[in-house]
Amino acid sequence: MAGNRIGRINEEIQRELAGLLRTVKDPRLHQGGLVTITHVDTTSDLRYAKIHISALNREQEADMLKGLKSASGYLRRELGAALRLRYTPELQFVADDSIRQGARILEMLRDPDVVKPPNPANADIVLEDEQ
């Protein structure tokens, strides 16, 4: 039951931070293009939240993380006002490359040298799930 509460808090933190990112005035966040919050992990005592960030422009991602780190006090204060939790978690921003890895896997699956075509001899086999 406690895991479900943390999950809801993670979703709410992600939603609020997505809106707050537009209000940050640090030029490092706006020069690199789109910043996406892909995932939020909050500790069970709500003291720390690890925010996974993905940037559209890979070259500017390090500068964006520095900008987010410098704006973390402002974001934490605004988040605390919006969420009304006993403790507002300390925000730790980390780069997330899961979108890039997913695109790479899709590219590999579409490559005929990596993935073999289906065996025509197995075309008449019907699995239990397909009946």
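**Sheet, core and helix α4**

In this predicted model, 3 strands form an open sheet with mixed pairing in the order β1-β2-β3, where strands (E, at least two residues) and helices (H or I, at least four) are DSSP runs numbered from the N terminus, and two strands pair if DSSP finds at least two bridges between them. Local features need pLDDT of at least 70 and side-chain atom pairs count only at pLDDT 80 or more, whereas totals for chains, interfaces and linings use all residues. Residues are numbered from 1 along each chain as its sequence is written, and side-chain values use heavy atoms, with hydrogens and water left out.

Sheet
- β1 and β3 stand at the edges with a single partner strand each, so one side of each has no neighbour in the sheet.
- β2 and β3 run parallel and are joined by 6 bridges, and Y48 stands opposite E90 in β3.

Nonpolar core
- The largest nonpolar core (buried Ala, Val, Leu, Ile, Met, Phe, Trp, Tyr and Cys joined through side-chain atoms within 4.5 Å) has 24 residues, of which I13, L17, I51, L75 and L91 touch the most other members.
- The largest share of this core, 5 residues, comes from α1.
- Residues up to four places away in sequence aside, L75 touches L17, L20, L21, V24, L68, L91 and F93 (heavy atoms within 4.5 Å).

Helix α4
- The buried residues of α4 are S72, L75, L79 and L83, buried meaning under 20% relative accessible area and exposed over 50%, with partly exposed in between (1.4 Å probe, protein chains only).
- The face of α4 turned away from its buried side carries the exposed residues R77 and A81.
- Just after α4, R84 takes a positive phi of about 60°.
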